[in-house]
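Hi everyone, thanks for coming. I've got one structure to walk you through today, so let's put it up on the screen and have a look together.

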Amino acid sequence: MYQIGDLIHYGNTGVCCVQEITTRTLPGVNKKQLFYVLKPLYQECTISSPVDNQKVFTRPIITKDEANRLIDNIPHIKVEVFNSRVLRELSAHYESAFASHNCEDLIKLTMSIYTKKKLLEQQKRKFGAVDERYMKRGEDMLFGELAAALKITREQVPDYIQVL
């Protein structure tokens with residue numbers, strides 16, 4: 001069970017802070033249930049989630065050491081660009097990286113889409129909206145967790161990666 005003040009990765013929302021643990025009685029159920037009250041770090045909302053929620057993936061965010069190891073490993077990552085004219089296949093491929101909830105998979109995803117963008121620019125071809133959307137989403141999720149782990153702002157993450 002998480003504690004108040006813990007930073008966790010919550011589903012597709014990203015990094016959230018556990019602000020409160022409360023007991024609620026749900027309508028139609030005569031049983032009290034524990035809930036986390038979560039505050040996403042990069043969104044203006046509050047999330048209420050049952051402590052025993054099996055439907056939404058949660059985990060503690062990575063540590064500062066894990067973040068630095070991931071960043072140090074970036075130059076050694078082999079990038080494979082995924083191409084498909086079928087948008088459903090492209091989306092399914094990208095969604096699989098998000099489904100793992102793994103920072104290394106997000107690094108590979110964003111690097112592969114960024115490489116694809118550069119290749120298309122060199123060929124004077126248009127970068128697709130699906131690719132653009134997933135690259136932005138991947139960067140948001142990845143940079144959000146790295147920023148929280150490293151205790152820097154999300155905007156500082158690209159420069160931090162470049163320096164190392």
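Okay, so to begin with, buried residues make up 38% of the 164 residues in this protein chain. Please keep in mind that what you're looking at is a predicted model.

What does the chain look like in terms of secondary structure? We have five helices and five strands. If you read along the sequence, the pattern is β-β-β-β-β-α-α-α-α-α. As for overall dimensions, the C-alpha atoms fill a box of roughly 65 × 35 × 25 Å along the principal axes.

Now the contacts. Take the ones with a separation of 6 or more: residues 24 or more positions apart account for 53% of those. On the outside, the chain exposes about 10,300 Å², and carbon and sulfur atoms supply 51% of that. And the charges? There are 23 positive and 20 negative ones, and their mean positions are 5 Å apart.

Let's move on to the aromatic rings. How many aromatic pairs are there? The count comes to three. One of them is Tyr 2 with Tyr 36, a tilted pair at 5.6 Å centre to centre, with 50° between the planes. This pair links distant parts of the chain: Tyr 2 is in the segment before β1, Tyr 36 is in strand β3, and they're 34 residues apart. So are these two tyrosines buried or exposed? Tyr 2 has a relative accessible area of 16%, and because the cut-off for buried is under 20%, Tyr 2 counts as buried. Tyr 36 is buried too, with a relative accessible area of 5%.

Another pair is Tyr 94 with Tyr 134, also tilted, at 5.2 Å centre to centre and 50° between the planes. Tyr 94 lies in helix α2 and Tyr 134 in helix α4, so this pair ties together parts that are 40 residues apart in sequence. Both are buried: Tyr 94 has a relative accessible area of 1%, and Tyr 134 has 6%.

If you zoom in there, you'll find Phe 98 as well: Tyr 94, Phe 98 and Tyr 134 form one aromatic cluster. And what sits over the ring of Phe 98? That would be the charged end of Arg 137, 3.9 Å from the ring centre. We get a similar kind of arrangement elsewhere, where the charged end of Arg 24 sits over the ring of Phe 35, 5.1 Å from its centre.

While we're on arginines, here's Arg 88, which is found in helix α2. Is Arg 88 buried or exposed? With a relative accessible area of 70%, Arg 88 is exposed, because the cut-off for that is over 50%. Try measuring from here on your own screen: the C-alpha atoms of Arg 88 and Val 130 are separated by 9.8 Å, and the two residues are 42 residues apart along the chain.

Last stop: Thr 110, which has its place in helix α3, residues 103-122. At 10% relative accessibility, Thr 110 counts as buried. So which residues is Thr 110 in contact with, leaving aside its neighbours within four places in sequence? They are Met 135, Gly 138, Glu 139 and Leu 142. Look back at helix α4, which covers residues 129-150, and you can find those four contacts of Thr 110 on the screen.

That's my tour, so over to you for questions.

Terms used. Residues numbered from 1 in each chain as written. Predicted model: local features only at pLDDT ≥ 70, side-chain atom pairs only at ≥ 80, totals over all residues. Heavy atoms only, no water. Helix = DSSP H or I, 4+ residues; strand = E, 2+ residues; numbered from the N terminus. Buried < 20%, exposed > 50% of the residue type's maximum accessible area, 1.4 Å probe, protein only. Contact = heavy atoms within 4.5 Å. Areas by Shrake-Rupley, 256 points an atom, 1.4 Å probe, with all protein chains shown as cover. Lys, Arg positive; Asp, Glu negative; His and termini not counted. Charge placed at Lys NZ, Arg CZ, Asp CG, Glu CD. Phe/Tyr/Trp six-rings, centres within 6.5 Å; stacked < 30°, edge-to-face > 60°. Lys NZ or Arg CZ within 6 Å of the ring centre and 35° of its normal.
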